[in-house]
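Work through the exercises below with the structure open beside you. Try each task before reading its solution.

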Amino acid sequence: MKYYHVPQDFRWGVATAANQVEGAWNEDGKGLSIADCERYDPKKAKAGYKVANDITSSEIQKAIKDKKSDGWGKRHGVNFYHTYPEDIKKLAATGINTFRTSIAWSRIFPNGDDPEPNEKGLKFYDNLFDELHKYNIEPIITLSHYEMPLNLVLNYDAWYDPKVRDYFMRFAKIVVDHFHKKVKYWIPINEIDSILRHPFSSAGLVKDRFPNKNFEKVIYQAMHNQFVAAALITKYIHENYTDLVVGSMITSTMVYPYNSDPRNSLKSVQVMRESYNFSDIQIRGNYPLNLLSKLKKLNVKITEKELKVIRDNTADFVAFSYYSSICTAFDTIGLKITKANRTEGVYNKYLPTSDWGWQIDPVGLRIILINLYDRYQKPLFIVENGLGAKDSLTESGKVHDDYRIDYLRKHIRQMLISLENDGIELMGYCMWGMTDMISASTTQMSKRYGLIYVDLDDLGNGSYRRYLKDSYFWYQKLLSFGDKIP
Ligand code: BGP
């Protein structure tokens with residue numbers, strides 16, 4: 001039989017984000033966060049509205065008002081704030097040694113600008129990390145994953161505002177100081193490139209709050225502020241805690257030319273380059289010239305001191321998410337359009353498509369691994385990969401998600417082939433989803449990713465009971481093979 005080998009210290013895990021699972025939006029002193037304003041509205045969704053991108057100031061006000069009166073907030077998340085001991089126990093039984101999540105900024109600083117951190121917020125994560133370590137599971141922590149205190153949006157200018165960058169630094173330093181003995185792996189900002197696609201959920205930017213400004217400039221200024229903050233916290237960690245490591249993180253979508261017309265190839269290189277720009281900055285320490293000239297044209301404020309901070313404080317590993325691929329064409333008229341994790345592209349006739357229209361491409365993952373390793377020669381880490389699908393629960397409490405098993409098996413197989421043949425360094429693999437959770441792009445519950453089913457619907461009805469899916473048992477079996485996988 002053919003076996004694939006993974007390094008003995010390979011990290012196998014699951015991944016999630018605080019705002020998508022925790023719930024408890026107003027418990028133990030937590031403040032309102034931007035994610036608390038994003039709610040699923042079936043009528044609007046039908047009309048193509050994407051809450052995480054298109055939200056307006058008046059919708060935010062309405063959401064806050066409704067939240068206070070009818071408590072719909074319980075619909076955000078799957079109650080992980082209370083169920084984490086049982087959830088982690090179940091996950092530990094799969095054999096994982098890694099758990100990626102984020103720390104909700106609004107639990108630690110409810111308004112972002114509070115004079116002192118909220119001790120109860122710190123305590124929650126202390127308990128969570130202790131629980132993980134009880135099972136020898138190492139946490140990987142994202143400091144900013146589509147969540148920030150809403151006050152920093154309403155009374156400041158979110159990530160556009162240098163003061164907010166300072167508040168982020170204060171939050172980040174406090175949590176690193178507090179948790180450095182429990183958390184070795186840190187990722188400052190989730191999918192740092194995502195600010196270009198959904199500036200609200202990534203950086204709290206609401207277009208109508210900048211009436212006299214070029215919104216593109218606002219986005220790029222906020223992007224620059226995020227790069228500086230990520231470099232500053234990397235510096236802080238490296239200077240104070242030499243045993244900790246820091247990753248950059250981008251969304252990796254494989255992009256092919258629609259056909260061999262060189263103009264389509266050029267287009268695919270341009271689209272890929274846009275996301276590599278982001279890892280280039282965090283790994284190589286320099287703004288690529290194409291991006292720098294764009295920032296200059298937009299008159300984005302950048303100081304020499306900031307550029308030096310970015311240059312001198314690069315990340316230790318290259319983390320990325322991978323779900324899907326697209327094709328590109330210089331002229332898309334008449335071509336079928338598809339999407340991959342919020343990037344639009346041309347449909348690829350060689351690939352199947354998920355329930356949510358993302359094309360399934362395991363070989364694309366191998367290409368990304370090769371591309372990223374050749375580009376940086378730094379250890380890689382797949383921190384998100386999974387399938388969003390409509391699952392159904394049988395009367396006997398089973399979920400037969402063979403399509404998810406198929407997705408995971410094929411992607412992991414390509415990863416193993418790459419490890420064996422392509423001369424890459426890979427630290428680990430975290431499948432996206434532990435329990436089901438609220439989808440980031442659609443805010444729906446019915447777009448399910450987990451190994452564990454949660455009884456909850458898009459409108460918040462359900463018992464929150466957990467059921468182990470077939471994919472749970474499949475992952476458990478896979479991990480039981482250790483470092484030699486058939
Ligand atoms: C990534 C995000 C996650 C997650 C995932 C799946 O881009 O980092 O937060 O949600 O995509 O996307 P979705 O939930 O929109 O299906």
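**Exercise 1.** Is Ala-63 buried or exposed?

*Solution.* The model is a predicted one. Start with the position: Ala-63 belongs to helix 4, which covers residues 57-70. Next, count neighbours: 20 other C-beta atoms lie within 10 Å of Ala-63. The cut-off for a buried residue is 20 or more. Ala-63 is therefore buried. Then look at its partners: leaving out residues up to four places away in sequence, Ala-63 touches Cys-37 and Arg-39. Finally, take a distance: Ala-63 and Asn-26 are separated by 37 residues in sequence, and their C-alpha atoms are 14 Å apart in space.

**Exercise 2.** Find where Ala-24 and Tyr-146 lie, and state for each whether it is buried, partly exposed or exposed.

*Solution.* Take Ala-24 to begin with. Ala-24 sits in the loop that runs between helix 1 (18-21) and helix 2 (42-46). Its phi is positive, about 45 degrees, although Ala-24 is not a glycine. Within 10 Å there are 18 other C-beta atoms, so Ala-24 is partly exposed.

Now take Tyr-146. Tyr-146 is placed in the loop between strand 4 (138-144) and helix 8 (151-154). Tyr-146, a residue other than glycine, also has a positive phi, near 55 degrees. Its count is 26 other C-beta atoms within 10 Å, so Tyr-146 is buried.

**Exercise 3.** Describe how helix 11 and helix 14 cross, and name the residues that make the contact.

*Solution.* Begin with the axes. Those of helix 11 and helix 14 (residues 304-312) come within 8 Å and cross at roughly 55 degrees. Helix 11 and helix 14 are therefore oblique to each other. The handedness of this crossing is left-handed. On the helix 11 side, the contact is made by Phe-227, Val-228, Ala-231, Leu-232 and Lys-235. On the helix 14 side, Glu-306, Val-309 and Ile-310 take part.

**Exercise 4.** Do the same for helix 15 and helix 16.

*Solution.* The axes of helix 15 (residues 362-376) and helix 16 (residues 402-421) come within 8 Å, crossing at roughly 35 degrees. The crossing of helix 15 and helix 16 is right-handed. Helix 15 contributes residues including Pro-362, Leu-365 and Leu-369 to the contact. Helix 16 contributes, among them, His-411, Gln-414 and Ser-418.

**Exercise 5.** How many residues does the largest nonpolar core have, and which helix gives the most to this core?

*Solution.* In soluble globular proteins, nonpolar side chains tend to be buried together. Here the largest nonpolar core has 133 residues. Helix 11 (residues 215-240) gives the most to this core, with 13 residues. The residues with the most contacts inside the core are Val-14, Ala-158, Leu-205, Ala-222, Val-318, Phe-320 and Val-383. Take Val-318 as an example: the residues it touches, apart from those up to four places away in sequence, include Gly-247, Ile-283, Leu-372, Tyr-376 and Phe-381.

**Exercise 6.** Which residue does the UniProt annotation "active site" cover, and where does this residue lie?

*Solution.* According to the unreviewed UniProt entry, the "active site" annotation covers Glu-384. Glu-384 lies in strand 10 (residues 380-384). Glu-384 has 27 C-beta neighbours inside 10 Å and so counts as buried. Not counting residues up to four places away in sequence, Glu-384 touches Ala-15, Ser-321, Cys-430 and Trp-432.

Definitions and conventions:
Residues numbered from 1 in each chain as written. Predicted model: local features only at pLDDT ≥ 70, side-chain atom pairs only at ≥ 80, totals over all residues. Core = buried A, V, L, I, M, F, W, Y, C linked by C-beta atoms within 7 Å. Buried ≥ 20, exposed ≤ 12 C-beta atoms within 10 Å, placed from the backbone. Helix = DSSP H or I, 4+ residues; strand = E, 2+ residues; numbered from the N terminus. Contact = placed C-beta atoms within 7 Å. UniProt positions renumbered as here; feature names shortened; annotations may be inferred. Axes fitted to C-alpha atoms, helices over the stretch in contact; angles between N-to-C directions. Parallel < 35°, antiparallel > 145°, perpendicular 65-115°, else oblique. Left-handed = near helix turned anticlockwise from the far one by under 90°.
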